[in-house]
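Me: I would like to learn how to read a few features of a protein model. Could you take me through them one at a time?

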Amino acid sequence: MKFKIKPPKPRLIKKTTLKRFLIKRTIYYVLPNVFFNFIIAYASFKELGYTHFFSGTQNLARLTLPMAIFLPVVLTIDIIKRVTDAASQEAIEFTVDEQLNIKKLMTRLSILHGLITGLLVLSLLFIGQYNFSKDYKLDATAMAVVVGTLAGILSVVFVYLPIWRLRKWMCKVTSVPADLNT
């Protein structure tokens, strides 16, 4: 006996504009990312009282690099999926070109965004390590604030950047006046 699992029907999205939709999603992404990344970093750094860029068990690179790689990947995939779902339900004023391979675009953009952001953060950490002496101790609270702020900045950037790239394949829906339909 075979059981077939039907995929759940997509939840209906209220009609809105793309701008409002993105602002709402930005709020949903920024607040939890800032809060949780700050709390995780603060709890991790408080064990030692201070931290370094690369040395020690709880260093700055150990928390920021995974976040800088995986946060853009997840946000890119999620926002493209949500916008294309909203466009297919006609909840926003745009439609997405049917010839576009959305999964390929999501995969390519998410890997690209994760690699570029990870390399950028890694290079900033190396520059910080190079500019400060080897024995310099970073304040744990300040570094937790930096990690939370970085999470917030990444959340905002990777809501709008994928949509900026997706706009090449989006077109605005125009309504036809009733007298022209006849």
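Reply: We go from the overall chain to its aromatic pairs and then to a surface patch, keeping in mind that this is a predicted model.

Me: How many helices and strands are there in the chain, and what pattern does the chain follow along the sequence?

Reply: A helix or strand is read as a run of assigned residues, numbered from the N terminus. In this chain there are four helices and four strands, and read along the sequence they follow the pattern α-β-α-β-α-β-α-β.

Me: What share of the residues is buried, and what share of the contacts between residues at least 6 apart joins residues at least 24 apart?

Reply: Burial is judged by relative accessible area, with under 20% counting as buried. By that cut-off, buried residues make up 36% of the 182 residues in the chain. Among contacts between residues at least 6 apart in sequence, 85% join residues at least 24 apart. The chain exposes about 12400 Å², and carbon and sulfur atoms supply 65% of that area.

Me: How many aromatic pairs does a search of the whole structure find, and which residues form them?

Reply: Ring pairs are sorted by the angle between their planes, with under 30 degrees counting as stacked and over 60 as edge-to-face. The search of the whole structure finds two aromatic pairs. Phe 35 and Phe 36 form an edge-to-face pair, with 5.2 Å centre to centre and 70° between the planes, and Phe 35 is partly exposed at a relative accessible area of 48%. Phe 38 and Tyr 42 form a stacked pair, with 5.7 Å centre to centre and 20° between the planes.

Me: Where do Phe 38 and Tyr 42 lie with respect to one another in helix α1?

Reply: Because Phe 38 and Tyr 42 are four residues apart in helix α1 (residues 18–46), they are separated by about one helical turn. Phe 38 counts as partly exposed at 25% relative accessibility, and Tyr 42 is likewise partly exposed, with a relative accessible area of 31%.

Me: Which residues form the nonpolar patch on the surface, and which helix gives the most to that patch?

Reply: Residues qualify for a patch with over 30% relative accessible area and no salt bridge. Here the nonpolar patch is formed by Ile 23, Ile 27, Tyr 28, Leu 31, Val 156 and Tyr 160, with about 550 Å² of accessible area together. Helices α1 and α4 (140–166) each supply at least two residues of the patch, and α1 gives the most, with four residues. Leu 31, found in helix α1, is exposed, with a relative accessible area of 57%.

Key
Residues are numbered from 1 along each chain as its sequence is written. This is a predicted model: local features need pLDDT of at least 70, side-chain atom pairs count only at pLDDT 80 or more; totals for chains, interfaces and linings use all residues. Side-chain values use heavy atoms; hydrogens and water are left out. Rings of Phe, Tyr and Trp (its six-membered ring) pair if their centres lie within 6.5 Å; planes under 30 degrees apart count as stacked, over 60 as edge-to-face and the rest as tilted. Buried means under 20% relative accessible area, exposed over 50%, partly exposed in between (1.4 Å probe, protein chains only). Patches are made of residues with over 30% relative accessible area and no salt bridge: like charges are joined within 9 Å, nonpolar side chains (Val, Leu, Ile, Met, Phe, Trp, Tyr) within 5 Å. Accessible areas come from the Shrake-Rupley method with a 1.4 Å probe; for residues, only the protein chains shown count as cover. A salt bridge is a side-chain nitrogen of Lys or Arg within 4 Å of a carboxyl oxygen of Asp or Glu. Contact means heavy atoms within 4.5 Å.
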